[in-house]
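Visitor: I should like to take a close look at one part of this model. Please describe how the helices pack there.

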Amino acid sequence: MRMATPPSNDQEEEMLVPHSDSVEGPRAVEAPVVAPQPETVSTADNQQLEDPSSSRFTWTIENFSRMNAKKLYSEVFVVGGFKWRVLIFPKGNNVDQLSMYLDVADSASLPYGWSRFSHFSLSVINQIQSKYSIRKETQHQFNARESDWGFTSFMPLSELYDPSRGYLVNDTCIVEAEVAMRRVYDYWAYDSKKETGFVGLKNQGATCYMNSLLQTLFHIPYFRKAVYHMPTTENDIPSGSIPLALQSLFYKLQYSDNSVATKELTKSFGWDTYDSFMQHDVQELNRVLCEKLEDKMKGTVVEGTIQHLFEGHHMNYIECINVEYKSTRKESFYDLQLDVKGCKDVYASFDKYVEVEKLDDDNKYHAEQFGLQDAQKGVLFIDFPPVLQLQLKRFEYDFLRDIMVKINDRYEFPLQLDLDRENGKYLSPMADRSVRNLYTLHSVLVHSGGVHGGHYYAFIRPMLADEWFKFDDERVTKEDTKRALEEQFGGEEEVEELNSKIFIVHFLFSSVGFTFQFSLKLLPQANPGFNNAPFKFTKYSNAYMLVYIREGDKEKIICNVDEKDIAEHLRMRLKKEQEEKEHKKKEKSEAHLYTFIKVARDEDLGEQIGKDIYFDLVDHEKVRSFRIQRQTPFCLFKEEVAKEFGIPVQCQRFWLWAKRQNHTYRPNRPLTPQEELQSVGLLREVSNKPHNAELKLFLEVEYGLDLRPISLPEKTKEDIMLFFKLYDPEKEELRYVGRLFVKTMGKPAEILRKLKKMAGFDADQEIELYEEIKFEPAVMCERVDKETAFRTSQIEDGDIICYQKWPPPESDNVYRYPEIPSFLEYVHNRQVVHFRTLERPKEDDFCLELSKVLSYDDVVDNIARHIGLDDPTRIRLTSHNCYSQQPKPQPIKYQGAEHLSDMLIHYNQTSDILYYEVLDMPLPELQELKTLKVAFHHATKFEVVNHIIRLPKNSTVADVINELKTMVELSHPDAELRLLEVFYCKIYKIFPPSEKIENINDQYWTLRAEEVPEEEKNLEPQDRLIHVYHFMKDPLNEMQVKNFGDPFFMVIHEGETLAEASDRIQKKLQIPDEEYAKWKFAFVSLGRPEYLKDSDVLSQRFPVIPRRDVYGAWEQYLGLEHLDTTQKRAVSPNQQSRQAYDKAVRIYN
């Protein structure tokens, strides 16, 4: 049985988010659960936390692997007078990990504005060895928007569903939640600039690794000066220029009073939001960024800076022992990767780096002219760079366990590093011995967490003085030397006197631009005062990268950098940005003293309608805005308008806008003379809600024949001001043509001549009129009866009349939208959709302009027409996940979405991306079939062939076998096949031929088909059919085993010894004698191996009717212990990227 060490308590993901499925479905328990009463956790001696109320809740979930529900809720439990429950996604919340959250059970019924703060942990219990239980801890301010919080990637599903790991026993999973109510601390009052003189960098979601590296590079003044001297121009855009974006970032770090955003820099990298939420490796980013800057610096005054600062050289050599022959090769490096495992400190790592390897026996060196020779192979350094970057190999690939692991061993590094020690033992004969290689520690980059994720921050001595600073995203704090050095060595820490209080280890954790505090809590001993040995726990925060500066280059590297090093255009640009920022800040602070008056005019309507907008009249964000003091009389404001627009005061009439019940926004009424005598502030309060600082007005102006403004006639109650739009179906064009006053009892027929003149139509041209009534949620545009009075038609001030020629001109052309309502419907629903293939989910394949109300059939018809496919039903669509920027896991079923808009919606966001694929059969037919992937194991050949089998859902396993027989090569025509369920190299089930295939799940389990051996068909009464599995010892736990390879059945006869069975096994597997002699055999029960001797009688070990678990692999089997020689995926020894990082760092620009 394999028992892998799971992530420890404080190995948190960098990003903690509310689960993305929180709005879907009813919040009800979807499976039977058993939930004991919570246990109270004593906190009487923990007064520094103000006696928080704490409880532990246990949730036992049976039949876990057979759950089909997407999410499950536990029973409700109470802590601190509040109701809670645990929410899990057994198959992951759109990830291949168990997702688990703490949820406020009664959030829907709580009063407006509720919130509560809790420190909590969630655990999945290991039922075989509790010390391997996975526990993750965090804290959160719960509120109506974020009523659940936790871990989307809690643990890999592959580990959870492997019964040998101990998290799923008898198909039962045990989940624990420990919840403590906490007082909210005012974390945000801290001012980094005021306290330290430095500012931090904002976290975009998972960019702490980048922030720690950028702070380190910024505090190498020579590097910063070189970045400032990279040529950029005033026409460059930071988001499109890496040099300018980095210059801007460094300038703000140097002169800003607040934390600095990195979005411009990541945009210049070509990253999107998805990249910002993908944590990468800091070492990898360092190399990629330096390579990119080195390339950008070519041909400039700072060419060669990267090499000058960071480049060193070493010599690889092979020297023959018995003949005069030596081969050398010079190589450069920008950083050195030092082993942590097996090394106590940096010097031990350098000793290992230059360790001499002997090439002898079967590994002799082939020297030119001398043939195979005994030789020595090694590395020596020719020169070290002024800035020495040491990457500590905290992450390694464990080939035995086929996983990445973090090395948390204690590893020391000195404040001063002498690489000339012991007469220059690290230096080659070519090295310049006059250069003193004595280095001083400048910065320590720390990784806190585990292999599945974590958090980065940096300790830096900016001027190499005694004072250290911790740069943790936005927060910068002063730290002492011990905190920066000794506490980052890693290893274990002893804690004593745990019997009287709870010990809490704190560390800060950034996510989505915020910082959270996490703790590893160690509960009191069960027997205080008895056997109180010091408690040790592993420290998961440790140094990951070290930066040293050579003493002899210190004055040059730690140089002065001031404004004269910064290009004039950059200083001006950034000062302007700062001034604008300060101006906005001042405006915001003085906003209560001013009113913003937005004035819309006929000119604005003419410019916007048919271009920027089609519905209503104007976008108020694009009209002239006046910032006027609230106490200013409105008459003085009119004088401002006269100066701005050249409209005399007496020729101005202002109308108030009003939002109607149908959500349209129209001029409602003119200001009264009394209102115009008021102050601007009072007028704003009359027209808006008190908190709104804006006043929106429409300026009515009339012009005489000479096109000069004239005085306005008095408006009576019988006058209605209407606005008119003209539609051209041939050009599909809508434009504003003006406004008119009409009488309430007048009829539209009376103004037809004026409307034709405004449109430039002939007097005898027939026209049709429509009223634009509303456009949300649907367009309403109705024909206007020309002979009915305006009042009767309920037409009032501010209404919009659209008109067009009627009937449309006879033409060979068929207009797409011949009438105004159809055109407005099209405009309201049109959507440009970007279609992509699943193979290239980041690249648009083509784009189509479609209507959001198109049916499913219409959408696939349009796609088929575009790609030249005759049968649209062969197209299958998949929606876009707006959060991961990837296709959703499940495709859209045939006619599974009513309209295009349904396909584009993702929770509360709308996408413009759809993925398509062309199937080899119509989708309706495919959906009626069950698709199974079956691995066929040939009876006489060592080959496995995967087959895709599609059958109707009501088919049986017998149908699958019959179909498979037509596809595979059998050992003989009458061979009998069977179908097995295999999971983690164990056989869990032989499917009966009558079982329906609809419920067979091949997503996590492997379906294996094989011929039934003849010996199994004719079993004697005392014969046993046993399971035989390959295994090896788990390197971390000798008491546990790891299965691998292909399991199989074997018949053992009454009285048969191991020696006799062993011969049959060797013949079956065709293992050479030399290799087979190394194999061991064991009777394995409950994951514990008991080794057998050749003389042991196997039938005495295995009962005639083997015992079985409720569901799962047989608990007793014959184990074959040997090395796993199956091919592992290749991983470079220097490759440090971890499982949590899905893709390599790329800078695209």
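Guide: What follows is an account of helix α5 and its two helix contacts. This is a predicted model, in which local features need pLDDT of at least 70, side-chain atom pairs count only at pLDDT 80 or more, and totals for chains, interfaces and linings use all residues. Residues are numbered from 1 along each chain as its sequence is written, and side-chain values use heavy atoms, with hydrogens and water left out.

Helices here are DSSP runs (H or I, at least four residues) numbered from the N terminus. Helix α4, residues 221-228, packs on α5 at about 130 degrees with the axes 9 Å apart; axes are lines fitted to C-alpha atoms over the stretch in contact, and angles run from 0 to 180 degrees between N-to-C directions. The two are therefore oblique to each other, that is, outside the ranges under 35 (roughly parallel), over 145 (roughly antiparallel) and 65 to 115 degrees (roughly perpendicular). In this contact (heavy atoms within 4.5 Å), α4 contributes F223, R224, V227 and Y228, while α5 contributes L246, Q247, F250, Y251 and Q254. By class these are six nonpolar, two polar and one charged residues.

Helix α5, residues 242-255, also meets helix α14, residues 568-589, where the axes come within 11 Å and cross at roughly 60 degrees. That angle makes α5 oblique to α14. From α5 the contact draws on L244, Q247, S248, Y251 and K252, and from α14 on H569, L570, R571, R573, L574, K575 and E577. These residues divide into four nonpolar, three polar and five charged.

Key: Nonpolar A, V, L, I, M, F, W, Y, C, P; charged D, E, K, R; others polar.
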